[in-house]
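Let's take a walk through this model together, starting with how burial is judged and then moving to the ligand, the helices and a few backbone angles.

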Amino acid sequence: MMVCEYQPGLEGIAAAQSSISNVDGQKGILEYRGIRIEELAEKSTFLETAYLLIWGQLPTSEELKEFEHEVRHHRRIKYRIRDMMKCFPESGHPMDALQASAAALGLFYSRRDLHNPIYIRDAVVRLLATIPTMVAAFQLMRKGNDPVRPRDDLDYSANFLYMLSEKEPDPLAARIFDVCLILHAEHTMNASTFSARVTASTLTDPYAVVASAVGTLGGPLHGGANEEVIQMLEEIGSIANVRPYLEDCLQRKAKIMGFGHRVYKVKDPRATILQDLAQQLFAKFGSDKYYDIAVEMERVVEEKLGHKGIYPNVDFYSGLVYAKLGIPTDLFTPIFAIARVTGWLAHWKEQLAENRIFRPTQVYNGLHEIAYTAIEER
Ligand code: ACO
């Protein structure tokens, strides 16, 4: 069948059949394997949610224990990867460092035994386990310090926060960070997931799949928006400046970062949960003037753009949470990647189960039958 109608951004075009997650953009509902995100945020952990997304059902307590054990014991990165990362320019963006490091893992494990469940399990465990270590290692090394060894006695999120700060985190901070990872773990056919599926469809290795998705996530219209939100809140600087700032943006037809979504036409349910998490953090560790500016922004944007279905998306409040946890702004998107590797791997497995290589068509609007002009005649 030949469908030749061009749809910019592939809006409304189904690129795959999937049973991993579902979004109802009119009602503001997100489900992972049929379970509402609110329930997972309240009751689950990131690793349990990762298991659910990747293997299709919630693990039994034995299965979860085994999975947690495997991930815990694969956290260390090879010294060659660490040495390679040491050579990266410290001024480089951590997303670029992560993309290069994830791709480099493929140099060690390039055997593409894609029909072997052991190979698949190993790749899942290794990627989930080492990506946080790589993010933390780059953060320390770019400041001239040695990376911190992962702590086997700490859970997934507590260990990551420990590797970043060399301090054992407060339990509430670690739990809130874990919930943030749950919220960012998967989100249907977004740009980076599409990228992962296209790469997976060529039957390359999962490290290339993740590296290609990391590259896609980094852009400011996708995961990179969370960094820009914090920069925007700093630029606005005060509640009084919110309205003039937004009016100026609208006049220039500039996009307001952290707002709008291709699918949600109401407030993103993850933004609601993240706002609540931010409030919990402020209640324990002190308030933040940028939160008050953010709440005022949400009010004014709703007044001005609510009729177009423009509301806060996941990136709007996540930066405030990460900033309060003491995380540097340019690590916000790598943290998004730590979580989303779960969704990419679930889609990688699903793509392999019913693979056909992606090879869309195009609507050619160029010239035909043009004679070659010799260089001296141009
Ligand atoms: N600020 C102001 N106006 C907006 C915004 C925004 N953030 N988002 C959409 N609009 C307006 C557009 O100007 C357009 O108006 P028009 O019809 O009058 O021309 C209309 O809403 C539709 O916008 P599109 O750009 O066509 O929407 P699209 O679905 O292509 O883009 C996107 C979605 C990229 C998320 C967009 O809303 C945006 O750029 N938002 C800001 C960046 C951002 O926060 N990205 C993170 C998204 S969540 C994630 O990826 C994890």
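A residue is called buried if its relative accessible area is under 20%, exposed if it is over 50%, and partly exposed in between, with a 1.4 Å probe and protein chains only. By that rule Leu-140 is buried, with a relative accessible area of 1%. Leu-140 sits in helix α6, residues 117-142; here helices (H or I, at least four residues) and strands (E, at least two) are DSSP runs, numbered from the N terminus.

A word on the model before going further. This is a predicted model, in which local features need pLDDT of at least 70 and side-chain atom pairs count only at pLDDT 80 or more, while totals for chains, interfaces and linings use all residues. Residues are numbered from 1 along each chain as its sequence is written, and side-chain values use heavy atoms, with hydrogens and water left out.

**The ligand site**

Which residues come nearest to the ligand? Of the 19 residues around the ligand, they are Lys-255, Ile-256, Phe-259, Arg-262 and Lys-308, where a residue is near if one of its heavy atoms lies within 4 Å. By class, this shell holds ten nonpolar, five polar and four charged residues. In that count Ala, Val, Leu, Ile, Met, Phe, Trp, Tyr, Cys and Pro are nonpolar, Asp, Glu, Lys and Arg are charged, and the others, Gly among them, are polar.

The table gives polar contacts of the ligand, each a pair of N or O atoms within 3.5 Å.

| Ligand atom | Protein partner | Distance |
|---|---|---|
| nitrogen | polar backbone atom of Leu-221 | 3.1 Å |
| oxygen | side-chain N or O atom of Arg-262 | 2.7 Å |
| oxygen | side-chain N or O atom of Lys-308 | 2.7 Å |

Taken alone, the ligand exposes 910 Å², and the protein buries 68% of that; these areas come from the Shrake-Rupley method with a 1.4 Å probe.

**Buried helix residues**

Helix α2 (residues 46-55) has nine of its ten residues buried, so it is largely enclosed by the rest of the structure. The buried residues of α2 are Phe-46, Leu-47, Glu-48, Thr-49, Ala-50, Tyr-51, Leu-52, Leu-53 and Ile-54. After α2 comes Gly-56, with a positive phi near 95 degrees.

Ser-318 belongs to helix α15, residues 314-324, and is buried at a relative accessible area of 0%. The side chain of Ser-318 reaches the backbone oxygen of Val-314 at 3.4 Å. Met-85, in helix α4 (residues 79-86), is buried too, at 2% relative accessibility.

How far apart in space are Met-85 and His-74, C-alpha to C-alpha? The separation is 18 Å, for two residues eleven apart in sequence. Returning to Leu-140, its C-alpha atom is separated by 24 Å from that of Gly-219, 79 residues away along the chain.

**Positive phi outside glycine**

Two residues other than glycine deserve a look at their backbone. Leu-10 has a positive phi near 50 degrees, and its place is in the segment before β1 (21-24). Leu-10 is partly exposed, with a relative accessible area of 43%. Lys-253 has a positive phi of about 55 degrees and lies in the loop between α12 (242-251) and α13 (269-285). Is Lys-253 buried or exposed? Lys-253 is exposed, with a relative accessible area of 76%.

Note on methods
A polar contact is a pair of N or O atoms within 3.5 Å; within protein, one must be able to donate a hydrogen and the other to accept it, and residues adjacent in sequence count only if both atoms are side-chain atoms.
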